[in-house]
Amino acid sequence: MNIKDAQLAVDEWIKAHGVRYFNELTNMAQLTEEVGEVARIIARRYGEQSEKESDKNKDLGEELADVLFVVLCLANQTGIDLQESFDKKLDLKATRDHDRHHSNKKLK
């Protein structure tokens, strides 16, 4: 599924199951909460913090999908074509950052 189709799928889900979108500020708070859950898993599973027993069954993919869902909601409700924006960003990063990353001795 491409981003445009994902935006449509989220919009259809909201209309069928969600009554309406939460307002943008509420969705921003939800996004922050979901990113925090991703950070908790990463910090404990891949970082130096010890992983609590209650965190060991957390699914990183599910938490990343939660982040994506809220991002798609925000794009929908603010009229952003995220596919177009992502494509532009990827093109910009490919041209702007190509030499910078290849020249970075820290990445060797």
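A salt bridge, as I use the term this morning, is a side-chain nitrogen of Lys or Arg within 4 Å of a carboxyl oxygen of Asp or Glu. The model before you is predicted, and it holds 10 salt bridges by that criterion.

I begin with the pair formed by lysine 4 and aspartate 81, whose closest N and O atoms are 2.8 Å apart. Lysine 4 belongs to helix H1, residues 3–18, whereas aspartate 81 sits in the loop between helix H3, residues 60–77, and H4, so the bridge ties together parts that are 77 residues apart in sequence. Both partners are partly exposed: the relative accessible area is 40% for lysine 4 and 26% for aspartate 81.

Aspartate 81 has a further role in the geometry of this region. Its side chain caps the N-terminal end of H4, with an oxygen 3.2 Å from the backbone nitrogen of glutamine 83. As for H4 itself, how far apart should its ends be? The helix comprises 15 residues, 82–96, and at 1.5 Å a residue these should span 21 Å; the end C-alpha atoms are 20 Å apart, which agrees.

Let me continue to the residues around the C-terminal end of that helix. Lys93, Arg96, Asp97 and Arg100 are linked in a network of salt bridges. Within this group, arginine 100 pairs with aspartate 97, the closest N and O atoms being 3.7 Å apart. The two partners differ in their surroundings: arginine 100 is exposed, with a relative accessible area of 53%, while aspartate 97 counts as buried at 4%.

A further bridge joins arginine 45 to glutamate 51, with 3.1 Å between the closest N and O atoms. Here both residues are partly exposed, arginine 45 at 28% relative accessible area and glutamate 51 at 24%.

Arginine 45 also leads us to helix H3, through leucine 60. Leucine 60 lies in H3 and is buried, with a relative accessible area of 17%. Which residues does leucine 60 touch, once those up to four places away in sequence are set aside? They are Val38, Ile41, Ile42, Arg45 and Tyr46. For isoleucine 41, 19 residues away along the chain, the C-alpha separation from leucine 60 is 6.7 Å.

I turn now to two acidic residues without a salt bridge. Glutamate 34 lies in helix H2, residues 24–45, and glutamate 63 is found in helix H3. Side chains of opposite charge can pair when their charged atoms come close. Where, then, is the nearest side chain of opposite charge to glutamate 34? It is that of lysine 58, 9.4 Å away, and glutamate 34 is buried yet has no salt bridge. Glutamate 63 is likewise buried and without a salt bridge; its nearest side chain of opposite charge is again lysine 58, at 5.6 Å. That distance lies outside the 4 Å cut-off.

The contacts place these two glutamates together. Beyond its neighbours within four places in sequence, glutamate 34 is in contact with Glu63, Asp66, Val67 and Val70. On the same basis, glutamate 63 is in contact with Glu34, Glu37, Val38 and Ile41.

Finally, the annotation. An unreviewed UniProt entry assigns residues 23–98 to "domain: NTP pyrophosphohydrolase MazG-like". In the model, that span is 74% helix and 0% strand, and its end C-alpha atoms lie 38 Å apart.

Notes:
Residues numbered from 1 in each chain as written. Predicted model: local features only at pLDDT ≥ 70, side-chain atom pairs only at ≥ 80, totals over all residues. Heavy atoms only, no water. UniProt positions renumbered as here; feature names shortened; annotations may be inferred. Helix = DSSP H or I, 4+ residues; strand = E, 2+ residues; numbered from the N terminus. Expected span 1.5 Å × (residues − 1). Polar contact = N/O pair within 3.5 Å; in protein donor to acceptor, adjacent residues only side chain to side chain. Buried < 20%, exposed > 50% of the residue type's maximum accessible area, 1.4 Å probe, protein only. Contact = heavy atoms within 4.5 Å. Lys, Arg positive; Asp, Glu negative; His and termini not counted.
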